[in-house]
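Reader: I would like to learn how to read a few features from a set of coordinates. Please take them one at a time, with the general idea before the case.

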Amino acid sequence: MFMIEDGFHAEHIGFYSTRKEAEIELRRIAEVPWESEPNICPCGALDCHRIYHIVEFNASTEPWTKLSNEKVLQVSAKGAIWQLSGKTGEE
């Protein structure tokens, strides 16, 4: 199970069966203008940004076990930046 999360605002964007599906959605999100859904920050700050992660879970365990957490895309008024810093810990 894969989840797209805005790691900066701790907001879940969606769940996907495969990483490929999550990557396709992030490519779509990267094309969405700033200040348009989903690239509107919940904090309301115009100079803010979204940092999208792909988080992989083992959904066969209860509770789910986090397998990886990777920063993939940052979107702000300045545009989209891909592959920020790769895999992270428990951020």
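**Charged pairs and other features**

Author: Start with Glu11, which counts as partly exposed at 27% relative accessibility. Keep in mind that this is a predicted model.

Reader: Which residue forms a salt bridge with Glu11?

Author: The general idea is that side chains of opposite charge can pair when their charged atoms come close. Here the partner of Glu11 is Arg50, and the closest N and O atoms are 2.5 Å apart. This pair links distant parts of the chain, since Glu11 belongs to strand β2 and Arg50 to strand β3, 39 residues apart.

Reader: Which other side chain meets Arg50 in a salt bridge?

Author: Asp6 does, with an N to O distance of 2.7 Å. That pair also links distant parts of the chain: Asp6 is in strand β1 and Arg50 in strand β3, with their positions 44 residues apart in numbering terms. Asp6, Glu11 and Arg50 are thus linked in a network of salt bridges.

Reader: Are Asp6 and Arg50 buried or exposed?

Author: Buried is the word for a relative accessible area under 20%. Asp6 has 0% relative accessibility, so Asp6 counts as buried. Arg50 has 3%, so Arg50 counts as buried. Glu11, at 27%, is the partly exposed member of the network.

Reader: How many salt bridges does a search of the whole structure find?

Author: The search finds five. One of them joins the side chains of Glu25 and Arg28, at 2.7 Å from N to O. Both residues lie in helix α1 (residues 19–31), three residues apart, which is about one turn of the helix. Glu25 is buried, with a relative accessible area of 17%, whereas Arg28 counts as partly exposed at 41%.

Reader: How do I read a strand pairing, and in what sense do β1 and β2 pair?

Author: Look at the bridges between the two strands and at their sense. Strand β1 (residues 2–6) and strand β2 (residues 11–16) pair in the antiparallel sense, over five bridges. Within this pairing, Glu5 stands opposite His12 in β2.

Reader: What lies between the strands of that hairpin?

Author: Four residues lie between them, and in this hairpin Ala10 takes a positive phi near 55°. The value is worth a check, as Ala10 is a residue other than glycine. Ala10 is exposed, with a relative accessible area of 61%.

Reader: Which other residue has a positive phi although it is not a glycine?

Author: Glu35 has one, of about 70°. Glu35 lies in the loop between α1 and β3 and counts as partly exposed at 46% relative accessibility.

Reader: What should I look at for the peptide bonds before Pro38 and Pro63?

Author: Look at omega. The bond from Glu37 to Pro38 is cis, with omega near 5°, and Pro38 lies in the loop between α1 and β3. The bond from Glu62 to Pro63 is cis too, with omega near -5°. Pro63 is found in the loop between β3 and β4.

Reader: How many disulfides does the structure hold?

Author: The count is zero. Cys43 is in no disulfide, and the nearest cysteine sulfur, that of Cys48, is 3.6 Å away.

Reader: Why is there no bond between the sulfurs of Cys48 and Cys43?

Author: The test is a distance: two cysteine sulfur atoms must be within 2.5 Å. The sulfur of Cys48 is 3.6 Å from that of Cys43, so the two are too far apart for a bond. As for their surroundings, Cys48 is buried, with a relative accessible area of 9%, while Cys43 counts as partly exposed at 45%.

Reader: With which side chain does the side chain of His53 make a polar contact?

Author: With that of Asn69, at 2.6 Å. His53 is found in strand β3 (residues 49–58) and is buried, with a relative accessible area of 2%.

Reader: Which residues make the nonpolar surface patch?

Author: Met1, Phe15 and Trp64 make a patch of about 280 Å². Trp64 is found in the loop between β3 and β4 (65–76), and counts as partly exposed at 36% relative accessibility.

How values were computed
Residues are numbered from 1 along each chain as its sequence is written. This is a predicted model: local features need pLDDT of at least 70, side-chain atom pairs count only at pLDDT 80 or more; totals for chains, interfaces and linings use all residues. Side-chain values use heavy atoms; hydrogens and water are left out. Two strands pair if DSSP finds at least two bridges between them. Buried means under 20% relative accessible area, exposed over 50%, partly exposed in between (1.4 Å probe, protein chains only). A polar contact is a pair of N or O atoms within 3.5 Å; within protein, one must be able to donate a hydrogen and the other to accept it, and residues adjacent in sequence count only if both atoms are side-chain atoms. Patches are made of residues with over 30% relative accessible area and no salt bridge: like charges are joined within 9 Å, nonpolar side chains (Val, Leu, Ile, Met, Phe, Trp, Tyr) within 5 Å. Accessible areas come from the Shrake-Rupley method with a 1.4 Å probe; for residues, only the protein chains shown count as cover. A salt bridge is a side-chain nitrogen of Lys or Arg within 4 Å of a carboxyl oxygen of Asp or Glu.
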